[in-house]
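Here is a short note to read beside the structure. Take the points in order, and keep the 3D view open as you go.

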Amino acid sequence: MSNHDMPNEPAAPEGARSAPVAPDAVPVEPPLRPSRPASHRPAPGPRGSGTLALAILLALVAAGASGYVGWRQWQQEQGAAVDTRNVASLQQRVETLETSLTAMSEQRSSLNQRLDDAAQVNRSLREELLGQAERTRHVEDAVARLAEKSLSGHDGMLLDETESLLRMASERYTLFHDAQGAAAAYALADQTLAAVNDGAFGGLRQSIEAEREALARSQPASQAAALQQLLALRGELATLPLKPLDSGTAGGTDTWSRIRRALASVVSVQRDNGAPLAVADARLARELATLDLAQAQAALLAYDSKDYAAALQRADATLASQFDAAAPAVQQARATLRQLAAQLPAKPSVQLGAALTELRNLRAVHALGPAPSSSAAPAEAQP
């Protein structure tokens with residue numbers, strides 16, 4: 001069948017059939033037209049219209065590709081320019097660093113030289129300091145030896161004084177029972193021992209303090225009051241009334257009175273000092289009572305209860321025989337004497353000497369200590 005036999009199917013141009021379809025080209029559907037009868041369909045267009053469209057499309061694609069390639073080249077040129085500037089800046093910084101390193105190396109070499117000089121100076125100064133330290137050590141050793149000698153002499157003198165005070169306190173208490181004086185001596189010994197620089201004698205002060213407190217407790221609380229009462233009685237003896245010894249001899253009317261008056265004109269008895277008999281007896285009685293009271297005071301201080309009681313009894317007997325027993329003052333004085341006699345002093349029982357013995361033992365032990373150190377000192381100084 002030929003082309004003329006089929007008029008309803010137009011033949012496509014050859015170029016349109018052999019040309020490939022671009023992948024990016026989107027087929028465009030022709031607008032819908034109202035269908036017409038086959039007898040009235042128009043004749044197909046010329047064959048060159050599809051080729052022209054394809055050429056325009058290819059031209060557009062080529063223009064876009066060339067634009068993209070140009071933009072990329074421009075970007076690369078801009079990046080190359082920036083890299084060139086960065087490299088130039090880095091090279092300048094490297095040159096600056098090289099200059100700085102060169103200057104620093106020169107300074108380091110100068111500092112090394114100075115450090116070498118300083119090390120030499122320090123070495124010489126160290127040698128001088130070592131020499132000075134050696135000399136100072138010798139001087140300190142000499143001063144220490146002198147100080148040890150002076151301190152030992154000072155401590156020895158203080159220990160001698162402490163021992164003397166303790167021995168004196170013990171003897172005073174043993175002989176005279178003077179607890180107050182012995183306690184005062186112990187207090188002085190404690191003060192003297194406190195000035196000793198050696199700490200080995202620190203415990204001795206506790207022993208001294210213990211014996212001093214024992215002495216303070218041994219003193220009776222009534223001793224001071226008894227001494228005050230005896231002293232007051234001695235002062236009152238001068239005012240106590242005596243018995244009338246010479247009164248009544250001249251006024252009697254009996255036979256014996258007349259005989260005494262008759263003999264008085266023939267025999268006269270008088271004292272050597274010319275004082276009347278009543279005055280001499282009163283003075284003697286007051287002196288005897290005063291002596292008895294003084295002896296009682298001495299016995300009280302000596303803690304001698306036997307002599308204390310005997311002196312009080314003699315004083316009471318003198319008051320009873322020589323003084324007016326009916327006078328209230330004499331009765332009060334005798335009552336005081338009986339009260340004092342009832343308060344006999346107890347014999348003290350404080351044992352002293354422990355601190356003195358401890359001091360002597362410590363001094364003996366301490367005297368043996370420096371001997372090895374003094375013999376070892378020359379051995380250390382010899383090498």
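1. Start with Arg314, which sits in helix 8. Helices here (H or I, at least four residues) and strands (E, at least two) are DSSP runs, numbered from the N terminus. Arg314 has 35% relative accessibility, so Arg314 counts as partly exposed. The cut-offs: buried is under 20% relative accessible area, exposed is over 50%, and partly exposed is in between (1.4 Å probe, protein chains only). Leaving out residues up to four places away in sequence, Arg314 touches Asp292 and Gln295. Contact means heavy atoms within 4.5 Å. The C-alpha atoms of Arg314 and Ala296 are separated by 9.8 Å, and the two residues are 18 apart along the chain.

2. A word on the model. It is predicted: local features need pLDDT of at least 70, side-chain atom pairs count only at pLDDT 80 or more, and totals for chains, interfaces and linings use all residues. Residues are numbered from 1 along each chain as its sequence is written, and side-chain values use heavy atoms, with hydrogens and water left out.

3. Now Thr318. This residue is also found in helix 8, which spans residues 305-322. Is Thr318 buried or exposed? Thr318 is buried, with a relative accessible area of 11%. Its contacts, not counting residues up to four places away in sequence, are Ala285, Ala289, Asp292 and Phe323. Asp292 also appears among the contacts of Arg314.

4. Step back to the whole protein. How many helices and strands are there? The protein has 11 helices and 0 strands. Of its 383 residues, 19% count as buried. Take the contacts between residues at least 6 apart in sequence: 78% of them join residues at least 24 apart.

5. Look next at helix 3 (residues 179-194) and helix 4 (residues 204-218). They pack at an angle of about 160 degrees, with their axes 9 Å apart. Axes are lines fitted to C-alpha atoms, for helices over the stretch in contact, and angles run from 0 to 180 degrees between N-to-C directions. The two helices are therefore roughly antiparallel to each other. On this scale, angles under 35 degrees are roughly parallel, over 145 roughly antiparallel, 65 to 115 roughly perpendicular, and the rest oblique. The crossing of helix 3 and helix 4 is left-handed. That is, the near helix is turned anticlockwise from the far one by less than a right angle; clockwise would be right-handed.

6. Which residues make this contact? Helix 3 supplies Ala179, Ala182, Ala183, Tyr186, Ala187, Asp190, Leu193 and Ala194. Helix 4 supplies Leu204, Arg205, Ile208, Glu211, Arg212, Leu215 and Ser218. By class, the contact has 10 nonpolar, 1 polar and 4 charged residues. Ala, Val, Leu, Ile, Met, Phe, Trp, Tyr, Cys and Pro count as nonpolar, Asp, Glu, Lys and Arg as charged, and the others, Gly among them, as polar.

7. Asp190 and Arg205 form a salt bridge, with the closest N and O atoms 3.2 Å apart. A salt bridge is a side-chain nitrogen of Lys or Arg within 4 Å of a carboxyl oxygen of Asp or Glu. This pair links helix 3 to helix 4, across 15 residues of sequence. Asp190 is buried at 14% relative accessible area, whereas Arg205 is partly exposed at 34%.

8. Helix 4 also holds a salt bridge between Arg212 and Glu209 (2.6 Å, N to O). These residues are 3 apart, about one turn of the helix. Arg212 is partly exposed at 28%, and Glu209 is partly exposed at 25%.

9. The structure holds 9 salt bridges. One of them joins the side chains of Arg363 and Glu163 (3.3 Å, N to O). Arg363 lies in helix 10 and Glu163 in helix 2, so the pair ties together parts that are 200 residues apart in sequence. Glu163 is buried at 16%, while Arg363 is partly exposed at 24%. Both belong to a salt-bridge network with Asp160, Arg167 and Arg360.

10. Finally, helix 5 (residues 223-236) and helix 9 (residues 328-342). Their packing angle is about 150 degrees, and their axes are 11 Å apart. That makes helix 5 roughly antiparallel to helix 9. Their crossing is left-handed. Ala226, Gln229, Leu230 and Leu233 of helix 5 meet Ala333, Thr336, Leu337 and Leu340 of helix 9. The contact has 6 nonpolar, 2 polar and no charged residues.
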